[in-house]
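Biologist: I am new to this structure and should like to be guided through its charged pairs and its metal site. May I see the sequence and the model before we begin?

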Amino acid sequence: MKSNFNLNRRRFLSQAGFGLLAFAGLPAALQAMQTGDSMHTLPAGKASANFLPDVEIELYAQASKLSILPGPATWVMRYSAKLIKGPSNTLTDIPGSYLGPIMRFQTGQKIRISLINLLDEATIVHWHGLHVPAEMDGSPHYAIAKGERFVYEFEMLNRASMNIYHPHPHHQTARQFYMGMAGAIIVNDAEESRLELPSGEYEIPLVIQDKQFDNDNQLRYTPHMHERMTGYFGDQILVNGRPKQKLNLASRAYRFRLMNGSTARIYKLAWDDNTPITVIGTDGGLLETPVQKPYVMLAPAERLDLWVDFSGRKKGSQLILGSRAFSGAVPAMAERMSNMMGGRGRHGMGMGGMHHGMNNDVNAEDTRMGGEYPILTVTINREVTDSPTLPSHLSQFKRYSLNDVANPKQPLPLAISEGPMSMLLNGRGFADDDVQDFERIAVNSIQLLEIFRSQSGGHGGMGMGMMSMAHPIHLHGQYFQILSRTAENPGAGYDTVKEGFVDNGFKDTVLVMPGERIKIIKPFQDFKGLFMYHCHNLEHEDMGMMREFSVE
Ligand code: C2O
Ligand code: CU
């Protein structure tokens, strides 16, 4: 059937700013690719005979043991992968890390990934950030048991970007993610290649996570009730799965591709010498032009693409990327308790903080959320004279406005309610077959959505402000754009974070601080079915701060 697939693709590409030229430039095999109406419901989980993949991967989820800290090895849960078909650079292992291999794809590739569950429990993989059919999105509905296999087949429709693969079984996402199951998906396209940004050893993916280890070096994931409320914080900061991460680099420009792989921790990233941070991209790929910030906020699941230029730095010089002090991201009550305890109590309302003796540096680190601590040390170990220059123009895409949306006067609500034992979206927890009327969305429409705090939370005794905290809100499916961010009633501490948002690119996760109201514009194109939206504070997500849109 001559379907509307190509029409959809063309519209998608032009809305993503690629235009018809880019479409014409796709390999003929991809233009010809057609297995029928892409809008229909695919049989989930099985390979289909008429899908001819360009890339085929077997992805294993399993428990394994590796050395992270000095002393005993640590049990983790992790992904590993085998390339069955496709370009040899598709998979890159991160040496010594529990993180899954980096997957590299090109826009337009047809991809088959078979998840093989070798864990003793159910799991499913979600491709965070990718625009794939609902059946291929790794929803909890599709979780597979031990020993089972789930075959994903989709075409890479995303623009160049860094995305995430991670587990998504209901109530278990946070723990599985925390135990090590996560990896980066890097998508490249023609528009980005043309820029000749730093690549190879000069392009460095950096996944930032926080963990707690017990005295036998085993990961501890045991959130108490109050830690499910605030989120679960570790006292060790790992980068690409290693503590105290150090990089030896040349005196030239690099591309740092940052991902927050923590379940709940928010970072306020800055260089110790106050060098401004140059941002070239966000969750959904390159910005139009580079942006400079004194610091940047990076909430769970958010990504940032940084241009980091060490040109002119002397051999032996050091720079530290760290997290700076901020407040307002956890409930005021928890923050006060933690301050009273001086950040020394591990049980300081789940704020993280106690240091193992063995990990104490000369300079004490305050690894409470919102504390000040180092993340990554860069040492310049060689001086070079030539370095690429930062392009002044990075990419071209359509900026959505109210004229593009189906509902300019009636934004779809994403109402956050915050109560002592419940964090919810639109008043309900996650449930099967529970789509509310306003959660039904016409396929191929572009919608205005508004994220705010519901007034009717009804949590009487706890004044609004007491429970109010930051939530990284994530929507599955296509990237969105942020139309506006207004701080109507900013909580204490807002001034400590407000310069750090990068809101002018494509996003799939947005940090919503207390008192903020954020309007976003998001396309719901190409695929019908259920697409989740939830808080990416994974403790909140597992508590039920997750809902689904039914695109129909
Ligand atoms: Cu990163 Cu629904 O997830
Ligand atoms: Cu939340």
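Biologist: With which residue does Asp210 form a salt bridge?

Modeller: The model is a predicted one. A salt bridge requires a side-chain nitrogen of Lys or Arg within 4 Å of a carboxyl oxygen of Asp or Glu. For Asp210, the closest N and O atoms of the pair are 2.8 Å apart, and the partner is Arg265.

Biologist: How many residues apart in sequence are the parts that Asp210 and Arg265 tie together?

Modeller: Asp210 belongs to strand E10 (residues 203–211). Arg265 sits in the loop between strand E14 (253–260) and strand E15 (267–271), so the salt bridge joins parts whose separation in sequence is 55 residues.

Biologist: Is Glu58, which meets Lys82 in a salt bridge, buried or exposed?

Modeller: The side chains of Glu58 and Lys82 meet at 3.9 Å, N to O. Glu58 lies in strand E1 (residues 55–66) and Lys82 in strand E2 (residues 74–85), so this pair ties together parts 24 residues apart in sequence. Lys82 is partly exposed, with a relative accessible area of 43%. Buried means under 20%; because the relative accessible area of Glu58 is 16%, Glu58 is buried.

Biologist: What is the relative accessible area of Arg428, the salt-bridge partner of Asp434?

Modeller: The side chains of Asp434 and Arg428 meet in a salt bridge at 2.6 Å, N to O. Asp434 counts as buried, at 18% relative accessibility. Arg428, by contrast, is partly exposed, and its relative accessible area is 33%.

Biologist: Which residues are joined into one network by salt bridges that share partners?

Modeller: The structure holds 33 salt bridges. Salt bridges with shared partners link a set of residues into one network, namely Arg104, Glu192, Glu203, Arg255, Arg257 and Asp305.

Biologist: Which residues coordinate the copper ion (ligand 2)?

Modeller: Along the chain, the donors of the copper ion (ligand 2) follow the spacing H-x63-C-x4-H. They coordinate the ion at 2.0 to 2.1 Å, through ND1, SG and ND1 respectively. The residues are His471, Cys535 and His540.

Biologist: How many residues apart are His471 and His540?

Modeller: His471 is in strand E26 (residues 471–475), while His540 is in helix H9 (residues 538–543). His471 is buried, with a relative accessible area of 0%, and His540 is buried at 0% as well. The pair links distant parts of the chain, and the separation is 69 residues.

Conventions:
Residues numbered from 1 in each chain as written. Chains lettered and ligands numbered in written order. Predicted model: local features only at pLDDT ≥ 70, side-chain atom pairs only at ≥ 80, totals over all residues. Heavy atoms only, no water. Donors = N, O, S within 2.8 Å, 3.2 Å for Na, K, Ca; no water. Helix = DSSP H or I, 4+ residues; strand = E, 2+ residues; numbered from the N terminus. Buried < 20%, exposed > 50% of the residue type's maximum accessible area, 1.4 Å probe, protein only.
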